[in-house]
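Trainee: I'd like to take a close look at one part of this fold, the sheet. Could you walk me through how it is put together?

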Amino acid sequence: MDTQTKYIAKKAVLEALMAGRHLSQMDCKEFMIEDMRTPISHLRDKFPPSHELKTTWVKSPVRGARIKEYWLERREAI
């Protein structure tokens, strides 16, 4: 995958998270990436301070394997 394609994929993942979507390994084909963990880890510094990355373990409907689901939530005001 070339650098431009990687940039577009990461941008699309960030936009999806900012739009309130929950993403997991099952969404890799949509974003044309091999693994969701890598773009998520590279995007951590791009999340706005008002939002927090949340995760939970879910089961893949295909193989029943445990995979992580990622989403952003607005931080509580202190």
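Trainee: To get us going, which residue in β3 does S24 stand opposite?

Mentor: That's E69: S24 stands across from it in β3. Bear in mind that we're looking at a predicted model. The S24 pairing belongs to the link between strand β1, residues 23–24, and strand β3, residues 66–74. Two bridges make that link, and the strands run antiparallel.

Now go to the other neighbour. Strand β2, residues 51–59, pairs with β3 over nine bridges, again in the antiparallel sense. If you want a spot to click on, try T55, whose bridge partner in β3 is Y70. β2 and β3 also form a hairpin, with six residues between them. Check G64 in that turn: its phi is positive, about 75°.

Put those pairings together and you have an open sheet of three strands in the order β1-β3-β2, with antiparallel pairing. β1 and β2 stand at the edges with a single partner strand each, so each has one side left without a neighbour in the sheet. As for what holds such strands together, strands of a sheet pair through backbone hydrogen bonds.

One last thing to rotate into view is helix α1, residues 3–18. Helix α1 lies across β1 and β3, and runs at about 65° to β3.

Terms used. Residues are numbered from 1 along each chain as its sequence is written. This is a predicted model: local features need pLDDT of at least 70, side-chain atom pairs count only at pLDDT 80 or more; totals for chains, interfaces and linings use all residues. Side-chain values use heavy atoms; hydrogens and water are left out. Two strands pair if DSSP finds at least two bridges between them. Helices (H or I, at least four residues) and strands (E, at least two) are DSSP runs, numbered from the N terminus. Contact means heavy atoms within 4.5 Å. Axes are lines fitted to C-alpha atoms, for helices over the stretch in contact, and angles run from 0 to 180 degrees between N-to-C directions.
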